[in-house]
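Biologist: I would like a close look at a single part of this model, with the terms spelled out as you go.

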Amino acid sequence: MILATQRAIVRMLFDPDFAAAVRADPATTLPHLSPALRDQLAALDERVLRVNRLRRRRALRTLCDEWKATTTLTLAETGSLATLDAFFSSHHFHQAVEDRGSMPLGFAAFLAERIADGTLRTRILPEVLTVETTLAVVRRAPPDPPAVPGPLTDDRRVQRSPGAHPIRVAAGATQAMAQVDRYLFEVGLMPAVALCDDAPQLHLDARAANATPLYLVVVRIASGPTLVTVDEPLYQVLSSTSPTPRKVSAVLADAKQRGIPIDDARQILTSLVDDELVIPT
Amino acid sequence: MQPRVTSPSTTLLALPRLGVGISAEPGSAQKGIDATVLAAAHPGLCHFVEYGSDLDRGLDDHIQRWTTSGGAATYHFLDVNLEEPEDLDDAWLRGTAENARRIGAAWLCGDAGLWHFGARDRGHQLLLPPILTRDSAYALADNILRLEAATGFRVLPENPPGAFYLGDLHILDYFALVADRANCGLLLDCAHLAIFQRLRNLPATTGLDGYPLDRVVELHVAGGSEQDHDGLAIIDDDHTPEPLSDTWAIFDRVAHAPNLRAVVYECEHNPVDDVLANFARLNQAFPR
């Protein structure tokens, strides 16, 4: 009950629409709270919820730091901050708070939904979102389990390191990210240019439209997650592993289905174990 | 409400008397007050540092210099929800105990509120006061016991600031319940209490009669500013140099608590010259 009340407060602080719903009909909006506490919530002066008037903006800045290219491309497409601000009124935000989940990963789900429903249409956006979301996932990955030494026989079990995640995207994604970076650097030199009609504009060039498949592994290193470009066979073998233990024979069979000969797959798997991207358990 | 009265345990009574100290956070000495510089330039005013941090930011150079040179310290956590059992995970317990041991902390303390919603993650940080109910007080007390057992440190819960407080208890009665159940010491933030009393339209010292002053080990004193938000008067706990008169009234009432060991003047972001007089006043009231 106590924690549920705290969660309701957080939702009211971030979402004025939700706060209004609590005020209008506390019993329906917060049926799981005690009548006494929900009545107190409903009676809260609206102004106390707005004391920190930059609460949403500060949270959005933190989110935009991680999804820098995705959010920049979104703003470039829509020209509206409200597109991103709507996250705090979305079920993704409220669910993250209620489920003790991750608000940033909820933000990624919100953006993915906007792409899926056609609200956001920039062609490279899904690919960029995939890259930045994978970086965010790896940033939050738990530590590796201990490796169990020994030969990599077929009946051994291996699992992918939580800090290693293979992805396949259009090559234009990383180009778009680099071009967004350059744009943000330029406007960051003098943020007041946002007020100018002749301010720098974000224009993605042809390289950002390159649809050639690019195989990447997001890898956790000491300073954080980083992108490593790999060849397709390595991508396929790493994709054949899973975050939970799996028999080597099953990994190799899966890799074969993906077009990698067994002997090659075994050699690649051994190298992945040596590089600690795959862990024998 | 009249809380049950028990006596502070002997381990609580054995805590060292630290005197008057200053608060610090990661990086605060770079732009604000460096305790080593303050202590050297103005001997006798600042006797220890209360270092507030979270596991992400850890210990900074300032606190390590201070403690390496023999300075006393306490560790103030900024990243645990004491009402939420799940938040006291093994990694946090281990890391916090390790940081506190490295600076030779005399004890752990921190606002007993909601420091973040959900799990610890980017953008989840905030500070909300606890829900002032008996259930919440018991949950808080049980987690203090867990924290003390896991770290080996005594833990002093602090009354947090807030723009509003929910629940049917007065905040002093709430912490009296906590202290009674956990048999713990208390950190009374005089400025935060002044904020609470103002929000409830109560005189500054209301509730102190039923509050277990013999459990108060540490006091906080800090400046605040009265602000107007669309006609709503709110005290901003902004740690400017000058405490409000209500804060001083509370301090004067509790400075003679029998087991008081430390007074922290939360002023590290201000120019040194602006805080010297208050340091002197605090030392006069609570000599080391």
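Which strands of chain A does helix H11 (residues 125-139) lie across, and at about what angle does it run to E2(A)?

Modeller: This is a predicted model, in which local features need pLDDT of at least 70 and side-chain atom pairs count only at pLDDT 80 or more, while totals for chains, interfaces and linings use all residues. Residues are numbered from 1 along each chain as its sequence is written, and chains are lettered from A and ligands numbered from 1 in the order in which they are written.

Helix H11 of chain A lies across E2, E3 and E4 of that chain, and runs at about 175° to E2(A); helices (H or I, at least four residues) and strands (E, at least two) are DSSP runs, numbered from the N terminus. Contact here requires C-beta atoms, placed from the backbone, within 7 Å, and angles run from 0 to 180 degrees between N-to-C directions of axes fitted to C-alpha atoms, for helices over the stretch in contact.

The three strands beneath this description form an open sheet in the order E2-E3-E4 of chain A, with antiparallel pairing, where two strands pair if DSSP finds at least two bridges between them. Strand E2 (164-170) and strand E4 (224-229) of chain A are the edge strands, each pairing on one side only, and neighbouring strands of the sheet are turned against each other by 30° on average, direction ignored. Between E2(A) and strand E3 (residues 213-221) of chain A, which run antiparallel, there are seven bridges, and A:Val169 stands opposite A:Leu214 in E3(A).

Terms used. Two residues are in contact if their C-beta atoms, placed from the backbone, lie within 7 Å.
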